[in-house]
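User: I'd like to learn how to read a sheet, a pocket and a single residue in a model like this one. Can you walk me through it?

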Amino acid sequence: VIKPNNRSVLDVGQWRTALKQADRGKRTRLYDLYDDILLDPVLGNAIEKRIMAITNAELVFKGQNEQSVPELNDLIDTPTFEYLLKEIMLSLFYGKSVIELDFSNGFEAYSIPRQHINTAMGIISINPGEDNGIPYANDDFLLEVGRNDNLGLLLRAAPLAIYKRGGFGDWSQFVELFGMPRRIGKYSSHDEESRKLLEQALEAAGSASWMVVPKETDVETHETSASQ
């Protein structure tokens with residue numbers, strides 16, 4: 001039962017919680033987090049570069065007497081085999097891949113969604129995080145790649161990606177609040193209609209912060225600097 005990934009705002013606390021659950025074999029939250037941080041272009045491109053170095057390599061299968069096997073070489077040149085290599089490589093970053101192989105109509109491969117892999121019980125869960133499912137060990141048509149105690153290279157990259165995303169968000173908020181000059185509109189305290197018109201004008205004039213005060217009011221703005 002395939003469900004959409006959890007796309008909530010990430011923080012390091014969620015990473016720690018997901019890590020503790022993954023230590024008990026339930027990797028659903030951790031893999032949701034992995035999928036989300038891979039939206040980072042720098043991290044995503046670094047992984048794609050390593051994968052492409054393998055998928056673009058010229059691979060040749062040789063049997064006895066160093067003789068190549070044309071049938072297997074034709075299989076190696078198929079898109080399905082390239083997909084298989086990609087999923088095997090992704091096990092380095094996720095820690096685990098379980099790939100179903102199908103030879104009933106040519107060669108097909110399907111990577112089991114990692115959120116459904118329960119390494120503690122050795123099963124593919126029907127619903128993410130559940131304890132009932134299908135065993136994946138010792139199955140001739142399921143290729144198991146990676147160790148059950150390996151959580152992948154993305155485990156170490158996740159906090160840095162989360163800090164980076166949070167830093168950009170904090171900087172954007174800072175610029176929005178303090179990067180534009182504040183507009184101050186003053187009106188006569190005895191003229192309520194002019195106050196309403198002034199508020200409407202400032203609201204429609206852009207996104208810079210503004211405030212409306214009576215003319216008889218003093219407003220002070222204190223700037224902060226590194227020397228204070």
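Analyst: Sure, and keep in mind that this is a predicted model. Let's begin with a strand pair: strand 1 (residues 97-102) and strand 2 run antiparallel and are joined over four bridges. One of the partnerships puts Glu100 opposite Tyr110 of strand 2.

User: In what order do the strands of the open sheet come?

Analyst: Read across, the order is 2-1-6, three strands with antiparallel pairing. Strand 2 (108-111) and strand 6 (142-145) are the edges, each having a single partner strand, so one side of each has no neighbour in the sheet. From one strand to the next, the twist averages 25 degrees.

User: Which helix packs on the sheet?

Analyst: That's helix 5, which touches strand 1, strand 2 and strand 6. The direction of helix 5 makes about 160 degrees with that of strand 1.

User: What lines the largest pocket?

Analyst: There are 19 lining residues, with Lys86, Glu87, Leu90, Tyr94 and Arg114 nearest the centre. Helix 2 (28-37), helix 3 (41-55) and helix 5 (79-94) each give two or more residues, and helix 3 gives the most, with six. The lining splits into 10 nonpolar, four polar and five charged residues, around a volume of about 380 Å³.

User: Now a single residue: is Pro214 buried or partly exposed?

Analyst: Buried would need under 20% relative accessible area. Pro214 has 22%, so Pro214 counts as partly exposed. Pro214 sits in strand 8 (residues 210-214), and its contacts beyond four places in sequence are Tyr187 and Ser189.

Technical notes:
Residues are numbered from 1 along each chain as its sequence is written. This is a predicted model: local features need pLDDT of at least 70, side-chain atom pairs count only at pLDDT 80 or more; totals for chains, interfaces and linings use all residues. Side-chain values use heavy atoms; hydrogens and water are left out. Buried means under 20% relative accessible area, exposed over 50%, partly exposed in between (1.4 Å probe, protein chains only). Contact means heavy atoms within 4.5 Å. On a 1 Å grid over the protein atoms alone, a cavity is a set of points where a 1.4 Å probe fits but cannot get out, and a pocket is an open set with protein on both sides within 12 Å along at least five of seven lines; lining residues have an atom within 4 Å of a point. Grid points are joined across faces, edges and corners, and a volume is the space filled by probe spheres set on the points. Ala, Val, Leu, Ile, Met, Phe, Trp, Tyr, Cys and Pro count as nonpolar, Asp, Glu, Lys and Arg as charged, and the others, Gly among them, as polar. Two strands pair if DSSP finds at least two bridges between them. Axes are lines fitted to C-alpha atoms, for helices over the stretch in contact, and angles run from 0 to 180 degrees between N-to-C directions.
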